[in-house]
Amino acid sequence: MALLSHHLRLSLQRNLRLVAPGCRYVSQTATKTVSECEYDAPSMKTPIPGPRSKELTRQLGGIQNVGAINFFCNYEESRGNYLVDADGNRMLDLYTQIASLPLGYNHPALRKALSNPNNLCTFVNRPALGILPPENFPESLTESLLSVAPSGMNRVQTMACGSCSNENAYKAMFIWYKNKERGTSNPSPEETSSCMINQSPGCPDLSILSFMGAFHGRTFGSLATTHSKVIHKLDIPSFDWPIAPFPSLKYPLEEFVRENAQEEARCLEEVEDLIVKWRQKGKPVAGIVIEPIQAEGGDNHASADFFIKLRSIARKHGCAFHVDEVQTGCGATGKFWAHEHWGMDDPADIVTFSKKMLTGGFYHKDELQPDQGYRIFNTWMGDPSKNLFLSEVLNVIRRDNLVEEVTRSGKALLQGLYELQSQYPHLLSRARGQGTFCAIDARDEDTRDDLLIKIRNKGVLLGGCGQKSIRFRPTLIFKEYHVNQCINIFNDVLSEYK
């Protein structure tokens, strides 16, 4: 194996705990209740995809499109932070099902919930929640989703996934805006008749302002606010809605304070100009949607001051302010909600969630409550069994202080990335992150893609984002010794480049 630089090795020895080969890690806190056993290290048998995965891909290719499939998985054998594939390869997973696993694979608390006979009815019967919710549903929401509600919000609407969470949050903003505009929730006869043929005024020319580089989903409304990859949008009709520039910050941040402040001011000025311009076009902006960190678009960050000022602009122009926490929520940034880093008492009017929350939906202010039943509606509107799992996840987060663990692991991970980019400046740059929600840029897209394949074949699963970024999305039970494994393998791969 290639050797780490002396400085990097000392840093890792100083900051990271190692596990002895052949041992399984047991959280000291978790032993008070249930051992959280997992494998001790990656173990690779074949290149990925291996022969079994290739054969399964061939079989599935006769049934559906397989163009996005990486490899097939053996979820029964996967444990904790380690994913096992169909060929028996065991990888340290820092991509975690596109950032959606809070506690890793086969966590004892979730398996226990599934085997509890008292929960059987919840798993067997999936109700149409909007019309026939189970009798324990208010209690379930109070214990799970409302127990972690963002500041100033005591209402939550469950949904099934991130895209439909954003889609319905947009509808809630439009309904709120029109009721405010007309001064009543009672539509005119002209509105009720014209909406049935997709015409104004019943289908008003309102808009949502979003940001270049954003990702909010792939359904029609949310796709109109997604601007991260061509493959998402090509050939799909969309809405004429305003798109503002997201700040493009220079790193390291402490060396470019003035330049970054100017860049954020430029973007905020453009936001106001677009709001005015779209109002003049007869398509007023009903809401602004933004991610605390643009994830799919390249892990793009902005300062707390930027978001605070953007919130003020929304108030000034009468727009709802929608924070999309689908990817950043549930502790990944070292706060339960990434917007908590802004330090605001009133950070948003709507906050959407999914991914690590295991269910979807949106929190909202009282005034964005739909005025009638069926206005925000679909058959399932979420799944009570996912709320049950979420309750278990939240119990483990609190019991094991996992948000604090994320902060510790995140500092070690970011420090390791700083060391790597210092050692390989011709290959890596712009290491950045909050908590374990981290990324680093390769020198170009081809190098990034090649790195991801080589790192995967050595036993670490990572993801790409943006044009040339590598993103790190580990579980909440990702420890400092996992950082050590990841950085060592990353270093081995980098050392092979000229």
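Here are four short exercises with worked solutions on the structure above.

This is a predicted model, in which local features need pLDDT of at least 70, side-chain atom pairs count only at pLDDT 80 or more, and totals for chains, interfaces and linings use all residues. Residues are numbered from 1 along each chain as its sequence is written, and side-chain values use heavy atoms, with hydrogens and water left out.

**Exercise 1: the open sheet**

Task: Work out which strands lie at the edges of the open sheet of 7 strands.

Solution:
- Start with the terms: strands (E, at least two residues) and helices (H or I, at least four) are DSSP runs, numbered from the N terminus. Two strands pair if DSSP finds at least two bridges between them.
- Next, write down the order, β3-β9-β8-β7-β6-β4-β5, in which the pairing is mixed.
- Now read off the edges: β3 (155-159) and β5 (243-244) each pair on one side only.
- Look inside the sheet too: β4 (residues 207-211) pairs with β6 in the parallel sense over 3 bridges, and isoleucine 208 stands opposite glycine 287 in β6.
- Finally, add the helix α11, which lies across β4, β5 and β6 and runs at about 155° to β4. Such angles run from 0 to 180 degrees between N-to-C directions, with axes fitted as lines to C-alpha atoms, for helices over the stretch in contact.

**Exercise 2: a hairpin**

Task: Find how strands β10 and β11 run and which residue between them takes a positive phi.

Solution:
- Strand β10 (residues 428-434) and strand β11 (residues 437-442) are antiparallel and joined by 5 bridges.
- One partnership to look for is arginine 432 with alanine 439 in β11.
- The hairpin has 2 residues between its strands, and glycine 435 takes a positive phi near 60°.

**Exercise 3: two crossing helices**

Task: Describe how helix α4 meets helix α13.

Solution:
- First the geometry: the axes of α4 (residues 108-115) and α13 (residues 384-399) come within 9 Å and cross at roughly 145°.
- Then the residues: α4 brings Ala109, Leu110, Ala113 and Leu114, while α13 brings Leu388, Phe389, Glu392, Val393 and Val396. Contact here means heavy atoms within 4.5 Å.
- Last, sort these residues: 8 are nonpolar, none is polar and 1 is charged. The scheme takes Ala, Val, Leu, Ile, Met, Phe, Trp, Tyr, Cys and Pro as nonpolar, Asp, Glu, Lys and Arg as charged, and the others, Gly among them, as polar.

**Exercise 4: salt bridges, buried or exposed**

Task: For the pairs lysine 316 with glutamate 272 and arginine 471 with glutamate 296, decide whether the partners are buried, partly exposed or exposed.

Solution:
- A salt bridge is a side-chain nitrogen of Lys or Arg within 4 Å of a carboxyl oxygen of Asp or Glu, and the structure holds 28 of them.
- Buried means under 20% relative accessible area, exposed over 50%, and partly exposed in between (1.4 Å probe, protein chains only).
- In the lysine 316 and glutamate 272 pair, the closest N and O atoms are 3.0 Å apart. Lysine 316 sits in helix α12 (residues 304-316) and glutamate 272 in helix α11 (residues 257-280), 44 residues apart.
- Lysine 316 is exposed because its relative accessibility is 60%; glutamate 272, at 23%, is partly exposed.
- In the second pair, the closest N and O atoms of arginine 471 and glutamate 296 are 2.9 Å apart. This pair links strand β14 (residues 469-472) to the loop between β6 (285-290) and α12, 175 residues apart.
- Both arginine 471 and glutamate 296 are buried.
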